[in-house]
Amino acid sequence: MASNIYQLYLVTQNVASTTTFQITLLLIIIAVLAYHSSYFNDWREIIAQKNVLLVIAHPDDECMFFSPCAQAMARHAQNVYLVCMSDGDFCGLGTIRQGELIKSCRLLGIDRIEIIINRYLQDDPKAQWDIKLLKKIIRDRVHQHRIDVRDNDVNFFFRSSVVTFDEYGVSGHANHISLYYALKELIYEKDNDCITHIQGFALKTVNICRKYIGVADIAWTMLLKGNSYVCINSLRGCVTSHLAMRAHVSQFVWFRRLYTIFSSFVGETYHLKEK
């Protein structure tokens, strides 16, 4: 009897030590986490029944980086507004990319879209945008879309949200980084009538290994979550993310096809509260 138990132990040990078993176990854990993703989506609790403004730099940012977040906002927020600070005319395709952005946003569930055309806000990976100009645009949209709406019955401001990139811009793009500093300065200004009425959130940049291991990063996300808010896509949401990226026909070249397969930003989004 003892020898049979020992032999079973040896077989189990050999199976558990194989790479195939370990990979299979990891995939099962990831699948379970993804299936129960609603338990981890505390981001949706933050935006529930609120007005939300998503600020991006170029057409395709909404699906390449913010897709899980954007879809959650479309489902749970009261109103979602998207402002794109340029038409992405770096290669002379600005008019085409405007139309692609609208198609992509509709797939994500966002239909209130504004594209800023300003000669001082040109698509350029190395150009730092004018922070004062960005602050003015964001401030005006906060008021225009009533992101800081007051409930007159109870004299209370709903703490609604503005979402953009963090100080690393996910990809290091200078335009992305400019948006972060504009929102940060706007929120922390002492003489700013928006300051007590909105919360600013930034999309957290992760290292290149985590960025390109796809849904396998879900496990790391839950372990390293810290004080971040997390939004994990469902399987249907991941398919929607791919379709939204495909809507950007002019940009859907081979390396972006690979991006939609391997990027963790298609399946999950991390948010750090700035204020």
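Student: Why does Val-230 count as buried?

Tutor: Its relative accessibility in this predicted model is 0%. Buried requires a value under 20%, so Val-230 meets the criterion. The residue is found in strand 8, which spans residues 229–232.

Student: Which residue is 161 places from Val-230 in sequence, and how far apart are the two in space?

Tutor: That residue is Cys-69, and the C-alpha atoms of the pair are 8.7 Å apart. Cys-69 also counts as buried, because its relative accessibility is 0%.

Student: How do you know whether the sulfur of Cys-69 is bonded or too far for a bond?

Tutor: One compares the distance with the cut-off. The closest cysteine sulfur to that of Cys-69 belongs to Cys-231, and it is 6.4 Å away. A disulfide needs two cysteine sulfur atoms within 2.5 Å, so the distance of 6.4 Å is too far for a bond. By this rule the count of disulfides comes to zero.

Student: Is Cys-209 buried or exposed, and what makes it so?

Tutor: Cys-209 has a relative accessible area of 56%. Exposed means over 50%, and Cys-209 is therefore exposed.

Student: What makes Gly-109 partly exposed?

Tutor: The relative accessible area of Gly-109 is 44%. A residue is buried under 20% and exposed over 50%, with partly exposed in between; the value of 44% therefore makes Gly-109 partly exposed. Gly-109 sits in the loop that connects helix 6 (94–108) with strand 3 (113–115). Its C-alpha atom is 7.7 Å from that of Arg-75, although 34 residues separate the two in sequence.

Student: Why is Ser-161 called buried, and where does it lie?

Tutor: Ser-161 has 0% relative accessibility, and because buried means under 20%, Ser-161 counts as buried. It lies in strand 6, residues 160–165. Beyond its neighbours within four places in sequence, Ser-161 is in contact with Ile-46, Ile-47, Asn-51, Val-52, Leu-53, Ile-147, Gln-199 and Phe-201.

Student: How far apart are Ile-47 and Ser-161 in the chain and in space?

Tutor: They are 114 residues apart along the chain, yet their C-alpha atoms are separated by 7.1 Å. Ile-47 belongs to helix 3, residues 43–47. With 0% relative accessibility, Ile-47 also counts as buried, because the limit is under 20%. Setting aside residues up to four places away in sequence, Ile-47 touches Val-52, Ala-72, Met-73, His-76, Ala-77 and Ser-161.

Student: Which residues touch the most other members of the largest nonpolar core?

Tutor: That core has 58 residues, and those touching the most other members are Trp-43, Leu-53, Met-73, Met-85, Ile-138, Val-162 and Val-163. Leu-53 touches residues including Tyr-81, Val-83, Ile-138, Val-162 and Val-163, again without counting residues up to four places away in sequence.

Student: How many helices and strands does the protein have, and what share of its residues count as buried?

Tutor: There are 13 helices and nine strands. Of the 275 residues, 49% count as buried. Among contacts between residues at least 6 apart in sequence, 79% join residues at least 24 apart.

Student: What is the volume of the largest pocket, and which residues are closest to its centre?

Tutor: The largest pocket has a volume of about 480 Å³. It is lined by 21 residues, of which Asp-60, Met-64, His-173, Phe-255 and Arg-256 are the closest to the centre. The elements giving two or more residues to the lining are helix 4 (61–64) and helix 13 (254–262). Helix 13 contributes the largest share, three residues. By class, the lining comprises nine nonpolar, six polar and six charged residues.

Student: What is notable about the phi of Asp-60?

Tutor: Most residues other than glycine have a negative phi. Asp-60, a residue other than glycine, has a positive phi, near 100 degrees. Its place is in the loop between strand 1 (51–56) and helix 4. At 4% relative accessibility Asp-60 counts as buried, because that value is under 20%.

Student: What is the phi of Val-170, and why does this residue count as buried?

Tutor: Phi of Val-170 is near 65 degrees, also a positive value in a residue other than glycine. Val-170 lies in helix 8, residues 169–172. Its relative accessibility is 6%, which is under 20%, so Val-170 counts as buried.

Conventions: Residues numbered from 1 in each chain as written. Predicted model: local features only at pLDDT ≥ 70, side-chain atom pairs only at ≥ 80, totals over all residues. Heavy atoms only, no water. Helix = DSSP H or I, 4+ residues; strand = E, 2+ residues; numbered from the N terminus. Buried < 20%, exposed > 50% of the residue type's maximum accessible area, 1.4 Å probe, protein only. Contact = heavy atoms within 4.5 Å. Core = buried A, V, L, I, M, F, W, Y, C linked by side-chain atoms within 4.5 Å. 1 Å grid on protein atoms, 1.4 Å probe; cavity = no way out; pocket = protein on both sides within 12 Å on 5 of 7 lines; lining within 4 Å. Points joined across faces, edges and corners; volume = space filled by probe spheres on them. Nonpolar A, V, L, I, M, F, W, Y, C, P; charged D, E, K, R; others polar.
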